[in-house]
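The following is a walk through one protein model, taking its charged pairs, its helices and its sheet in turn. Please keep the structure in view while reading.

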Amino acid sequence: MARTRGATVRRVRLWRWRRNPLRRRSDLVEAWLRLVTVVLALLLGASAGAAAAGAVDGSLADRRERTRPVTAVLAEDTARGTSAPVTENGDGNGGVWAKVRWTAPDGTIRTGRAEVEPGSGAGSAVTVWTDSSGRLVAAPPAGAEAAFQTVMAGGTVTVTTGGLVLLCGRLVGARLQRRRLAEWEAEWRQVEPTWRRRMTG
């Protein structure tokens, strides 16, 4: 029973490709449109996703090259920090913002606020990230975090591009269907009078 049902489904799906008296040119065009749409969605989605992942990976690598870790000194106890412990997701179990002092590449002593481990006392050495001019910046993503951002960017662009191609194919298919229905209606206007005369005698 299942084998017969599967064979029926395959025949229904492939009837546009086979020669038969009921197949019209528009049916074959629609079948080719669906095939081309799926192929383009896969190819364009994959290529766009790979390009986006490469761009993000290159941007992160460039960011890592333009920043460098610097040893700074805490200028205050973190227990007296003005900000509560925070993390990226806001769960309150991460570092605290505290005043730090570091030496810039030009030799000047600079101060600023950076996220450090809680419980550190004034004078403790901490690691901060600076750009080429010595300004504090956020630590560049690396390792698993950088890989996650790259994969997410590539996957998002892949799905979006493929979805847009499929949507365009759907719109073109709907237009072809409306055109086919209009052709059927025009043909029926021509056939209807003769058909009615035969039915009514």
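A salt bridge is here a side-chain nitrogen of Lys or Arg within 4 Å of a carboxyl oxygen of Asp or Glu. The model is a predicted one. By that criterion, a search of the whole structure yields eight salt bridges. Side chains of opposite charge can pair when their charged atoms come close.

The pair Arg66 and Asp62 is a local case. Their side chains form a salt bridge with an N to O distance of 2.9 Å. Both residues belong to helix α2, where they lie four residues apart, about one turn of the helix. Asp62 has a relative accessible area of 34%. Since buried means under 20% and exposed over 50%, with partly exposed in between, Asp62 counts as partly exposed.

Another salt bridge joins the side chains of Glu76 and Arg113, at 3.3 Å from N to O. This pair connects distant parts of the chain, as Glu76 sits in the loop between β1 and β2 while Arg113 is in strand β3, 37 residues apart. Glu76 is buried, at a relative accessible area of 18%, whereas Arg113 is partly exposed, at 38%.

The side chains of Asp106 and Arg110 also meet in a salt bridge, with 3.5 Å between N and O. Asp106 is exposed, with a relative accessible area of 52%. Its partner Arg110 is partly exposed, with a value of 24%. Elsewhere, Glu30, Arg34 and Arg180 are joined in a network of salt bridges.

Next come the helices. How are α2 and α3 oriented to each other? Helix α2 covers residues 25-66 and helix α3 covers residues 144-200; the two pack at an angle of about 160°, and their axes are 7 Å apart. Angles over 145 degrees count as roughly antiparallel, and α2 and α3 are therefore roughly antiparallel to each other. Their crossing is right-handed. The residues of the contact between α2 and α3 comprise 19 nonpolar, twelve polar and five charged.

The strands remain. Five of them form an open sheet with antiparallel pairing, in the order β3-β2-β1-β4-β5. Which strands stand at the edges of the sheet? They are β3 (109-116) and β5 (136-137); each has a single partner strand, so one side of each is left without a neighbour in the sheet. The salt-bridge residue Arg113 is in β3, one of these edge strands.

Within the sheet, strand β1 (residues 68-74) pairs with strand β2 (residues 96-103) in the antiparallel sense over two bridges. In this pairing Val73 stands opposite Arg101 of β2. Strand β1 also pairs in the antiparallel sense with strand β4 (residues 125-130), over six bridges. There Pro69 stands opposite Trp129 of β4.

Key
Residues numbered from 1 in each chain as written. Predicted model: local features only at pLDDT ≥ 70, side-chain atom pairs only at ≥ 80, totals over all residues. Heavy atoms only, no water. Axes fitted to C-alpha atoms, helices over the stretch in contact; angles between N-to-C directions. Parallel < 35°, antiparallel > 145°, perpendicular 65-115°, else oblique. Left-handed = near helix turned anticlockwise from the far one by under 90°. Nonpolar A, V, L, I, M, F, W, Y, C, P; charged D, E, K, R; others polar. Pairing = 2+ DSSP bridges. Buried < 20%, exposed > 50% of the residue type's maximum accessible area, 1.4 Å probe, protein only.
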